[in-house]
Amino acid sequence: MKIKNNKGFSLFELSIVLIISSIMIGGFYLSSRLINSSRLANAINLTAQINLTENSNLVLWLETTNIGVKEVSSSEIKAWNDLSINQFSFQSSENPPLLKGSKTFRGINSINFNENAIKSQSPLNLNEYTIFVVANPTLTQGNIYNFGFSLKSSEMLGNRIVILKNDGVEKSIKLNNKSDFHYQSASDIPEAAQDTNFIGDNNFKGEIFEIIMFNKVLNENQIDKIEDYLYNKYSR
């Protein structure tokens, strides 16, 4: 009767396995970083090309690829500055939100809120509007923004890109790319806009990437152009 010799791996063989595993893990990490860097470069390029500031009806434009080193300290956002002619500066002196690379959209940073609103003390008077929002609420509580009129987390949950328009009579919402607007509610434009504008208001939790606001109802072609920009930027 022969006795089988069950040999284990030698130290040399184990070393080879560990080296190969390390190379594979390192290659995957490097590949992920290159993909994220490519997405970020694409986002920056698309933002530069869209030229929204040429539209005189643009009253607010917040997005994350323009945030500079001076505005960030250890990933805490000191200020999120508006790119429109109004140049609002949203700030918080207590528990500021964080700038983080997002798992939702790889390679593109988001402003992460954890019940810590940022605010700008400037009036914004609107008789009508068109608003584009890219965000990822994690809970139904809170408002993504509050300018005397608001977008609640519960209205956006599960839809990362949302378009709203309000002609002063009724408010409509568009949730999916190339879908139609549908009635949401009566007009929510206040008679007098509040002096303090909030982003991430009322215990909001989640990520905000971009907010674009016009003080008029844009036509179909204008809406399609900005919608294509947002889907190209965040969906590729």
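Me: Which helix gives the largest share of the lining of the largest pocket?

Reply: Helix H3, residues 220-235, does, with 3 residues of that lining. H3 is called a helix because it is a DSSP run of H or I with at least four residues; a strand is a run of E with at least two, and both are numbered from the N terminus. Before we go on: this is a predicted model, in which local features need pLDDT of at least 70 and side-chain atom pairs pLDDT 80 or more, while totals for chains, interfaces and linings use all residues. Residues are numbered from 1 along each chain as its sequence is written, and side-chain values use heavy atoms, without hydrogens and water.

Me: What makes a residue part of the lining of the largest pocket?

Reply: A lining residue has an atom within 4 Å of a point of the pocket, and the points come from a 1 Å grid over the protein atoms alone. A pocket is an open set of points with protein on both sides within 12 Å along at least five of seven lines, whereas in a cavity a 1.4 Å probe fits but cannot get out. Among the residues that line the largest pocket here are Lys-165, Phe-181, Asn-219 and Asp-224.

Me: How many residues of that lining are nonpolar, polar and charged?

Reply: The lining divides into 3 nonpolar, 2 polar and 6 charged residues. Asp, Glu, Lys and Arg count as charged, Ala, Val, Leu, Ile, Met, Phe, Trp, Tyr, Cys and Pro as nonpolar, and the others, Gly among them, as polar. Lys-165 and Asp-224 are therefore in the charged group, Phe-181 is nonpolar and Asn-219 is polar. The volume of this pocket is about 160 Å³, meaning the space filled by probe spheres set on its points, which are joined across faces, edges and corners.

Me: What makes two strands a pair, say E10 and E15?

Reply: Pairing requires that DSSP finds at least two bridges between the strands. Strand E10 (residues 143-146) and strand E15 (residues 196-201) have 3 bridges and run antiparallel, so they pass the cut-off of at least two. Tyr-145, for one, has Ile-199 in E15 as its bridge partner.

Me: Which strands are called edge strands in the sheet with the order E8-E15-E10-E11?

Reply: That sheet is open, with 4 strands in antiparallel pairing. Its edge strands are E8 (118-121) and E11 (150-152), each of which pairs on one side only.

Me: How many bridges join strand E13 to E12, and how many to E14?

Reply: Strand E12 (residues 161-166) has 4 bridges to E13, and E13 has 4 to strand E14 (residues 182-186). Both pairings are antiparallel. Ile-163 stands opposite Lys-174, and Ile-173 has His-182 as its partner in E14. In the hairpin of E12 and E13, with 3 residues between the strands, Gly-168 has a positive phi near 90°.

Me: Why is strand E13 called mostly covered?

Reply: In E13, 4 of the 5 residues are buried. Buried means under 20% relative accessible area, exposed over 50%, and partly exposed in between (1.4 Å probe, protein chains only).

Me: Where does Ser-74 lie, and why does it get its label, buried or exposed?

Reply: Ser-74 lies in the loop between strand E2 (72-73) and strand E3 (76-77). Its relative accessibility is 71%, so it is exposed. Ser-75 is in that loop too, but at 27% it is partly exposed. Each has a positive phi without being a glycine: near 55° for Ser-74 and about 75° for Ser-75.

Me: What makes Phe-88 and Phe-90 an edge-to-face pair?

Reply: A search of the whole structure finds 11 aromatic pairs. In this one the centres are 6.4 Å apart and the planes are at 65°. Rings of Phe, Tyr and Trp (its six-membered ring) pair with centres within 6.5 Å, and planes under 30 degrees apart are stacked, over 60 edge-to-face and the rest tilted, so both values fit. Phe-88, at 4% relative accessible area, is buried, and so is Phe-90 at 0%.

Me: What does the aromatic pair of Phe-105 and Phe-209 tie together?

Reply: This pair is also edge-to-face, at 4.9 Å and 75°. Phe-105 is in the loop between strands E6 (98-101) and E7 (109-114) and Phe-209 is in strand E16 (residues 205-214), so the pair ties together parts 104 residues apart in sequence. Both residues are buried.
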